[in-house]
Amino acid sequence: MSDVGSDEFDEERSKLGEYEGGRNDAGERHGVGKAVLPNGDIYEGQYEKGRRHGQGTYRFKNGARYVGDYYENMKHGQGSFFYPDGSKYEGSWAEDLRQGHGVYTYPNGDTYDGEWLHHMRHGQGIYHYQQTGSKYKGSWLNDKMESDGEYIHSNNRYKGNFVSNNPCGSGKYVFDIGCEQHGEYHQAEQDRAEGEWGDLTSTVVLKWIPKCITGLTLWSPGNNTSGGEKESALVEERAEN
């Protein structure tokens with residue numbers, strides 16, 4: 001849902017909305033005040049020269065709520081946004097957008113703790129899956145897992161390269177018993193089907209190709225054969241996510 005603040009009409013010019021609070025010598029809203037907007041939204045907090053500026057709480061008619069910093073009518077600085085579906089974002093804002101470091105809690109309990117840019121997950125971050133306890137830790141680009149990252153599970157982890165949320169290329173599974181399985185993820189043929197609106201949709205099918213088993217090594221992209229080889233039937237099976 002959109003969390004951009006509703007437009008606020010100036011009472012003196014449009015004769016719409018209600019306001020109680022401080023004003024400056026020019027008659028502009030200034031200091032602490034409360035505004036009930038024409039669409040039913042409510043803002044309580046600080047103003048400067050007629051604009052929301054400083055600490056404030058904005059309550060949307062649909063049940064959403066923002067508590068935090070404002071700068072010239074925009075969410076800017078540190079703040080928390082509570083959505084009607086139960087999700088919430090707590091962190092940094094820039095010109096009404098999630099930007100900088102922040103934590104997003106999704107309706108199903110999943111969380112993302114990391115960097116944001118223009119409302120999207122971008123930079124370094126950790127996504128925690130509530131249902132399984134697994135998590136992804138690594139790089140994000142335009143809301144997707146990209147470049148170096150790792151999936152961490154209860155008894156193993158996968159380290160490698162990611163492209164558009166999927167592992168791609170060389171990587172390794174690290175097992176708690178003290179060994180690793182090196183290999184590569186290849187993208188198999190895609191299942192193409194006609195979507196609801198007649199467009200073709202594709203499903204990416206991944207295939208893990210194991211190459212060798214070693215002792216514990218340092219992860220280095222493109223180098224998946226370092227360390228002495230060990231044969232172990234325990235790790236010959238494909239590690240499942």
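## A hairpin to begin with

Strands β10 and β11 form a hairpin with six residues between them, and in that turn Gly133 has a positive phi of about 85°. The model in which this hairpin appears is a predicted one, and the values given below are computed from it. β10 is joined to strand β11, which covers residues 135–141, by six bridges, and the two run antiparallel. Within this pairing, Gly123 stands opposite Trp140 in β11.

On its other pairing, β10 (residues 120–128) meets strand β9 (residues 111–117), again through six bridges and in the antiparallel sense. One of the facing pairs here is Gly114 with its bridge partner Gly125 in β10. β9 and β10 also form a hairpin, in this case with two residues between them, and His118 in the turn has a positive phi of about 55°.

## The chain as a whole

The hairpins belong to a chain with one helix and 18 strands. The chain has 241 residues, of which 37% count as buried. If one considers the contacts between residues at least 6 apart in sequence, 21% of them join residues at least 24 apart.

## From β11 to β13

The antiparallel pairing continues from β11 to β12, where six bridges are found. Tyr136 has Tyr151 in β12 as its bridge partner. These two strands form a hairpin as well, with two residues between them, and Asn142 in the turn has a positive phi of about 50°.

β12 is in turn joined to β13 by six bridges, and these strands run antiparallel. Along this pairing, Glu150 stands opposite Lys159 in β13. The hairpin formed by β12 and β13 has three residues between the strands.

## The nonpolar core

Which residues of the largest nonpolar core touch the most other members? In this core of 28 residues, they are Tyr58, Phe81 and Tyr158. Several strands each supply at least two residues of this core, among them β3 (42–48), β5 (65–71), β7 (88–94) and β12 (144–152), and also β9, β11, β13 and β14.

## Aromatic pairs

The count of aromatic pairs comes to 33. One of them is formed by Tyr158 and Trp208, an edge-to-face pair with 5.8 Å from centre to centre and 90° between the planes. Because Tyr158 lies in strand β13 (residues 156–163) and Trp208 in strand β18 (residues 206–215), the pair ties together parts that are 50 residues apart in sequence.

Are the two partners buried or exposed? Tyr158 counts as buried because its relative accessibility is 1%, and Trp208 is also buried, with a relative accessible area of 6%. Tyr158 thus appears twice in this account, as a partner of Trp208 and as one of the core residues that touch the most other members.

## Charged side chains

Lys172 is found in strand β14, which covers residues 166–175. With a relative accessibility of 1%, Lys172 counts as buried, since the cut-off for that class is under 20%. What does the side chain of Lys172 meet through a polar contact? The partner is the side chain of Glu180, and the contact is 3.2 Å.

Two other charged residues are placed over aromatic rings. Lys75 lies over the face of Tyr66, at 5.7 Å from the ring centre. In the case of Arg98, the charged end sits over the ring of Tyr89, 5.7 Å from the centre of that ring.

## Positive phi in two loops

Asn73 is not a glycine, and yet its phi is positive, at about 75°. This residue is placed in the loop between β5 and β6, the latter covering residues 74–82. Asn73 counts as partly exposed because its relative accessibility is 23%.

Ser164, likewise a residue other than glycine, has a positive phi near 50°. Where in the chain is Ser164 found? Its place is the loop between β13 and β14. At 35% relative accessibility, Ser164 counts as partly exposed.

Definitions and conventions
Residues are numbered from 1 along each chain as its sequence is written. This is a predicted model: local features need pLDDT of at least 70, side-chain atom pairs count only at pLDDT 80 or more; totals for chains, interfaces and linings use all residues. Side-chain values use heavy atoms; hydrogens and water are left out. Two strands pair if DSSP finds at least two bridges between them. Helices (H or I, at least four residues) and strands (E, at least two) are DSSP runs, numbered from the N terminus. Buried means under 20% relative accessible area, exposed over 50%, partly exposed in between (1.4 Å probe, protein chains only). A polar contact is a pair of N or O atoms within 3.5 Å; within protein, one must be able to donate a hydrogen and the other to accept it, and residues adjacent in sequence count only if both atoms are side-chain atoms. Rings of Phe, Tyr and Trp (its six-membered ring) pair if their centres lie within 6.5 Å; planes under 30 degrees apart count as stacked, over 60 as edge-to-face and the rest as tilted. A charge sits over a ring if NZ of Lys or CZ of Arg is within 6 Å of the ring centre and within 35 degrees of the ring normal. A nonpolar core is a set of buried Ala, Val, Leu, Ile, Met, Phe, Trp, Tyr and Cys residues joined through side-chain atoms within 4.5 Å. Contact means heavy atoms within 4.5 Å.
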